[in-house]
Amino acid sequence: MIFDTHIHLNEPRLLENLDLYLKEAKENGINKFLCVGWDYESSKKAVELANKYEEIFASIAIMPTEHKSFNDEIFSKLEYLLKFSNKILAIGETGLDYYWEKEEEIKIKQKDMFIKHIDLANKYNLPLTIHCRDAIQDTFDILKKHPVKEKGVMHCYSGSLEMAKEFIKLGYKIAFGGVLTFKNSIVTKQVLTSIPLNSIVLETDAPYLAPMPYRGKLNEPKFIKNTSIFASNLLNMDIDVFEEEVYKNSINIFHVETYEN
């Protein structure tokens with residue numbers, strides 16, 4: 001079994017053929033999805049999908065690149081979504097993104113947004129799914145200064161092995177997706193093969209970042225199987241054993257059993 005811990009089933013390109021994608025995923029052993037919001041509307045759609053489909057769960061947030069639309073009113077509306085579903089597993093994707101934004105004023109706003117999401121997660125005892133791009137030290141510093149009670153996942157991790165170990169010390173899981181299969185992802189491969197197995201989770205980030213041999217194409221939910229096979233081979237592990245252990249990691253960090261009883 002595979003739990004896709006970060007996917008955008010709420011994105012139009014997946015929504016238009018959602019039932020087919022879910023069917024094909026199920027045929028490949030993928031039986032749980034964390035559908036992640038990036039703004040209010042996508043978070044709302046994630047909740048709607050979670051309420052409709054047994055295998056889908058939701059994560060809600062205003063991601064850092066949406067800083068222009070972020071205000072207290074929008075954040076209050078986001079929190080209000082928590083009243084409409086018991087299948088919201090996490091707050092995210094939240095974090096910091098300095099790839100496009102270099103101005104200090106915007107970085108300060110992103111940090112404020114991140115801390116507010118941490119406070120929201122702690123208020124409802126939820127973990128975080130964390131977006132971090134070109135902001136690894138600031139992300140770590142905030143998580144250390146503002147502890148998240150239920151920890152969370154470093155989504156699409158692209159930092160060093162040394163920093164991965166520091167996040168793991170704080171209690172976070174490291175997520176690996178299609179980027180792992182790219183030829184130039186040397187550091188990502190090093191991280192996978194050097195951290196404890198109980199710190200690993202899998203994701204697609206679909207419809208983005210399709211694994212080889214589909215790089216550059218629409219990332220379909222079933223393609224997480226390619227990443228799983230690639231990862232198990234790197235670790236020289238039996239695929240069934242690898243997937244069982246990683247599935248347990250995903251269930252544990254998002255407390256799925258709480259929502260299925």
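**Exercise 1. Which elements cover the buried residues of α5?**

Start by locating the helix in this predicted model. Helix α5 spans residues 104–123.

- Step 1: check its geometry. With 20 residues, α5 reaches 29 Å from its first C-alpha to its last, close to the 28 Å expected at 1.5 Å a residue.
- Step 2: list what is hidden. The buried residues of α5 are Ile106, Lys107, Gln110, Met113, Phe114, His117, Ile118, Leu120, Ala121 and Asn122.
- Step 3: recall the helix rule. Residues three or four places apart in an α-helix point the same way, because there are 3.6 residues a turn.
- Step 4: find the cover. It includes α4 (72–80), β4 (88–97), β5 (128–133) and α6 (136–145).
- Step 5: look just past the end. Asn125 follows α5 and has a positive phi, near 55 degrees.

**Exercise 2. Work out whether His117 is buried or exposed, and what its side chain reaches.**

- Step 1: apply the cut-off. Buried means under 20% relative accessible area, so His117, at 0%, counts as buried.
- Step 2: look for a polar partner. The side chain of His117 reaches the backbone oxygen of Met113 at 2.8 Å.
- Step 3: collect contacts beyond four places in sequence. For His117 these are Ala61, Ile62, Phe70, Phe75, Leu78, Ile91, Thr94 and Leu128.

**Exercise 3. Follow Leu128 into the nonpolar core.**

- Step 1: place the residue. The largest nonpolar core has 65 residues, and Leu128 is among those with the most contacts inside it, together with Leu9, Ile56, Leu143, Met154, Phe167 and Ile174.
- Step 2: note a second core. Another one, of 14 residues, lies apart from the largest and includes Phe57, Val153, Val201 and Ile251.
- Step 3: go through the contacts of Leu128, again leaving out neighbours within four places. Phe114, His117, Ile118 and Ala121 are among them, and these four are also buried residues of α5. The contacts of Leu128 further include Ile91, Thr94, Leu143, Val148 and Val153.
- Step 4: set this in context. Nonpolar side chains tend to be buried together in soluble globular proteins.

**Exercise 4. Explain why Cys35 forms no disulfide.**

- Step 1: state the cut-off. Two cysteine sulfur atoms must lie within 2.5 Å.
- Step 2: test Cys35. Its closest cysteine sulfur, in Cys156, is 17 Å away, which is too far for a bond. Cys35 is also buried, with a relative accessible area of 0%.
- Step 3: test Cys156. Its nearest cysteine sulfur, that of Cys132, is 10 Å away, and Cys156 is in no disulfide. Cys156 is partly exposed, at 25%.
- Step 4: conclude. The count comes to zero disulfides.

How values were computed: Residues are numbered from 1 along each chain as its sequence is written. This is a predicted model: local features need pLDDT of at least 70, side-chain atom pairs count only at pLDDT 80 or more; totals for chains, interfaces and linings use all residues. Side-chain values use heavy atoms; hydrogens and water are left out. A nonpolar core is a set of buried Ala, Val, Leu, Ile, Met, Phe, Trp, Tyr and Cys residues joined through side-chain atoms within 4.5 Å. Buried means under 20% relative accessible area, exposed over 50%, partly exposed in between (1.4 Å probe, protein chains only). Contact means heavy atoms within 4.5 Å. Helices (H or I, at least four residues) and strands (E, at least two) are DSSP runs, numbered from the N terminus. A polar contact is a pair of N or O atoms within 3.5 Å; within protein, one must be able to donate a hydrogen and the other to accept it, and residues adjacent in sequence count only if both atoms are side-chain atoms. The expected span of a helix is 1.5 Å times one less than its number of residues.
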